[in-house]
Amino acid sequence: MHKLPKVPHWRVILNAKRILKNPISFHREIFEELGAIFTVRTPAGEPVVFTKNPKIIRHVLQKNHGNYKKSPLQTEDLANYIGRGLLTSEGEHWLVHRRMIQPAFHKKKLADLLQIMCQAIKGELLQIKENTTLDVYPLMGDLAFQVVAKSLFSRSDIREAMAKLQHITEVNQQMVIREMRQPYLQWWFSLSGMKNRHLGYAKEGRDILNTIIEERISSEKEENDLLDMLLNAKYDDGTFMSRQQLIDEVLILFTAGHETTANALSFTLFLLAKNPEIQEKLYQEVKNINIDKGNLAEIFGKLPYAKACIEEAMRLYPPVYVIDRVAVEDDEVEGHTFKKDTLILLSIYELQREQNFWEYPDEYRPERFLDIDKKEYSAYYYPFGAGPRMCVGNNFAMFEMILVLVEVIKKYEVSSKLNAIEINPLISLKPKNVPLYFKMRVNN
């Protein structure tokens with residue numbers, strides 16, 4: 001068995017502030033020095049394995065996924081704030097609810113939501129003023145949140161409530177990150193009242209959702225939206241989800257659904273702004289697409305380059321930049337032994353930029369995803385995860401992002417004076433400050 005290279009404990013302590021702010025640069029530095037797998041002892045004293053080895057990643061996520069579970073960082077720390085939905089649950093509880101919710105995200109079901117998505121997108125994009133510069137990330141955040149809200153609730157009169165819920169999810173995420181990266185300060189988070197304050201925010205968010213759900217049930221209306229699908233989902237014994245579980249699942253859809261999409265769209269638009277020749281090629285594909293006419297599901301088949309532009313952006317900036325797993329029992333893979341309870345962090349960010357697997361790995365080249373069998377890159381590309389825990393809303397997200405690109409690039413030419421985008425790795429990979437200039441195209 002191979003002995004894992006170790007990062008000295010003192011090095012972690014000396015870089016503590018840097019790791020808290022942005023661990024990715026620290027990880028890259030160590031990968032370059034020690035290779036595709038190494039171990040780190042955290043300030044709390046627990047050893048953690050980091051790897052970008054594609055065979056190990058596939059083994060953990062797919063081939064032997066049954067021997068690996070999510071870490072307490074998600075199933076306990078994150079669950080404190082957003083409940084036990086698909087993202088934070090494990091075992092039989094997760095499996096039962098995954099089977100219940102999966103049908104709501106089949107492509108045929110999503111086709112019924114496409115017009116709702118279109119209306120929400122067009123409404124939010126009205127915030128763009130022609131021939132002006134604005135930070136695109138808040139815009140994409142609002143847009144993605146409203147798309148999820150309207151796809152769930154089919155209502156336009158809850159913007160104020162949704163704005164409050166959006167704020168709660170954002171401030172609570174900051175708290176979760178502090179707890180994850182500074183576990184040795186848990187005593188202070190509790191003693192200072194900080195944790196209880198954020199748990200109070202979480203309860204306020206749940207109350208907002210409960211009120212909306214109550215109003216839907218009382219109205220006895222059938223809207224054929226995601227909320228109806230969740231309300232009608234049944235367990236094998238014919239019973240329905242409890243109110244608490246229903247709110248948990250809705251919270252997960254809001255938290256994961258809007259944030260990862262907003263991130264990916266912001267990175268995509270920035271990359272298009274910095275690559276005008278790619279943007280022009282995309283414009284030629286979308287300029288005659290009218291999402292108000294025809295079958296939207298068929299329209300997506302006419303937009304392979306738009307899809308490739310998003311896929312390539314998610315390769316460079318994967319929303320889920322690291323995936324954690326804990327070994328349930330001892331395991332061996334690629335000459336390494338992982339003891340029971342070993343925490344393993346799978347670096348998707350590094351894997352998707354690995355020069356041994358990707359030609360010109362740090363360049364934005366959407367063409368690499370055209371006319372290629374997915375099997376050729378599936379072992380090195382996990383923007384939505386993989387295996388049974390692959391994101392249930394991946395098709396929803398892709399439809400939404402393609403629709404946004406069509407509407408934006410048809411109408412505007414985007415550019416930016418920013419040389420490089422600063423990243424903010426929280427629970428998902430976020431950008432910081434994405435100022436883009438939106439120039440109205442002459443044919444609009």
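1. Start with Arg-368 and Glu-312: in this predicted model, their side chains meet in a salt bridge, with N and O 3.0 Å apart. Arg-368 sits in the loop between α18 and α19, while Glu-312 belongs to helix α17, so this pair ties together parts that are 56 residues apart in sequence. Have a look at how covered the two partners are. Arg-368 has 16% relative accessibility and therefore counts as buried, since the cut-off for that word is under 20%. Glu-312 is buried too, with a relative accessible area of 0%.

2. Glu-312 has another partner worth finding. The side chain of Arg-315 also meets Glu-312 in a salt bridge, and here the N to O distance is 2.8 Å. This one is a local affair: both residues lie in helix α17 (residues 304-316), three residues apart, or about one turn of the helix. Arg-315 counts as buried because its relative accessibility is 0%. So on Glu-312 you can see a bridge within the helix and a bridge out to the loop between α18 and α19.

3. How many salt bridges does the structure hold? The count is 21. One of them pairs Glu-259 with Lys-430, whose closest N and O atoms are 3.8 Å apart. Glu-259 is in helix α14 (residues 243-274) and Lys-430 is in strand β12 (residues 429-432), so the pair ties together parts that are 171 residues apart in sequence. Both of these charged residues are buried.

4. Now for helix α10, residues 159-181. Why should its 23 residues span 33 Å? The reasoning is a rise of 1.5 Å a residue, multiplied by one less than the number of residues. The C-alpha atoms at the ends of α10 are 33 Å apart, which agrees with that expectation.

5. Staying with α10, it helps to colour its buried residues. They include Met-162, Leu-165, Ile-168, Met-175, Val-176 and Ile-177. The list isn't just made of those, though: Gln-166, Thr-169, Asn-172, Gln-173, Glu-179 and Arg-181 are on it as well.

6. Glu-179 deserves its own stop. This residue lies in helix α10, and at 1% relative accessibility it counts as buried. Which residue, 102 residues apart from Glu-179 along the chain, has its C-alpha atom 7.6 Å away? That would be Asp-77.

7. For a contrast, try Ala-233 and Lys-274. They are 41 residues apart in sequence, and their C-alpha atoms are 45 Å apart in space. You'll find Ala-233 in the loop between α13 (226-232) and α14. Is Ala-233 buried or exposed? With 9% relative accessibility, Ala-233 counts as buried.

8. On to the surface, and a nonpolar patch. Trp-187, Trp-188 and Leu-191 make it up, and together they have about 390 Å² of accessible area. Leu-191 is part of helix α11 (residues 186-191). Its relative accessibility is 64%, so Leu-191 counts as exposed, the threshold being over 50%.

9. There's a charged patch to pick out as well. Glu-329, Asp-330, Glu-332 and Asp-341 form a negative patch on the surface. Among them, Asp-330 is in the loop between β6 (322-327) and β7 (331-333). Asp-330 counts as partly exposed because its relative accessibility is 49%.

10. Last, two backbone spots to check. Most residues other than glycine have a negative phi. Asn-131, which is not a glycine, has a positive phi, near 55°. Look for Asn-131 in the loop between α8 (114-125) and β5 (132-135). At 38% relative accessibility, Asn-131 counts as partly exposed.

11. The other spot is Asp-371, where phi is near 50°, again a positive value in a residue other than glycine. Asp-371 lies in the loop between α18 (348-351) and α19 (394-411), and Arg-368 from the opening point is in the loop between α18 and α19 too. Asp-371 has 84% relative accessibility and so counts as exposed, whereas Arg-368, at 16%, counts as buried.

Notes: Residues are numbered from 1 along each chain as its sequence is written. This is a predicted model: local features need pLDDT of at least 70, side-chain atom pairs count only at pLDDT 80 or more; totals for chains, interfaces and linings use all residues. Side-chain values use heavy atoms; hydrogens and water are left out. Helices (H or I, at least four residues) and strands (E, at least two) are DSSP runs, numbered from the N terminus. Buried means under 20% relative accessible area, exposed over 50%, partly exposed in between (1.4 Å probe, protein chains only). Patches are made of residues with over 30% relative accessible area and no salt bridge: like charges are joined within 9 Å, nonpolar side chains (Val, Leu, Ile, Met, Phe, Trp, Tyr) within 5 Å. Accessible areas come from the Shrake-Rupley method with a 1.4 Å probe; for residues, only the protein chains shown count as cover. A salt bridge is a side-chain nitrogen of Lys or Arg within 4 Å of a carboxyl oxygen of Asp or Glu. Lys and Arg count as positive and Asp and Glu as negative; His and the chain ends are not counted. The place of a charge is taken as NZ of Lys, CZ of Arg, CG of Asp or CD of Glu.
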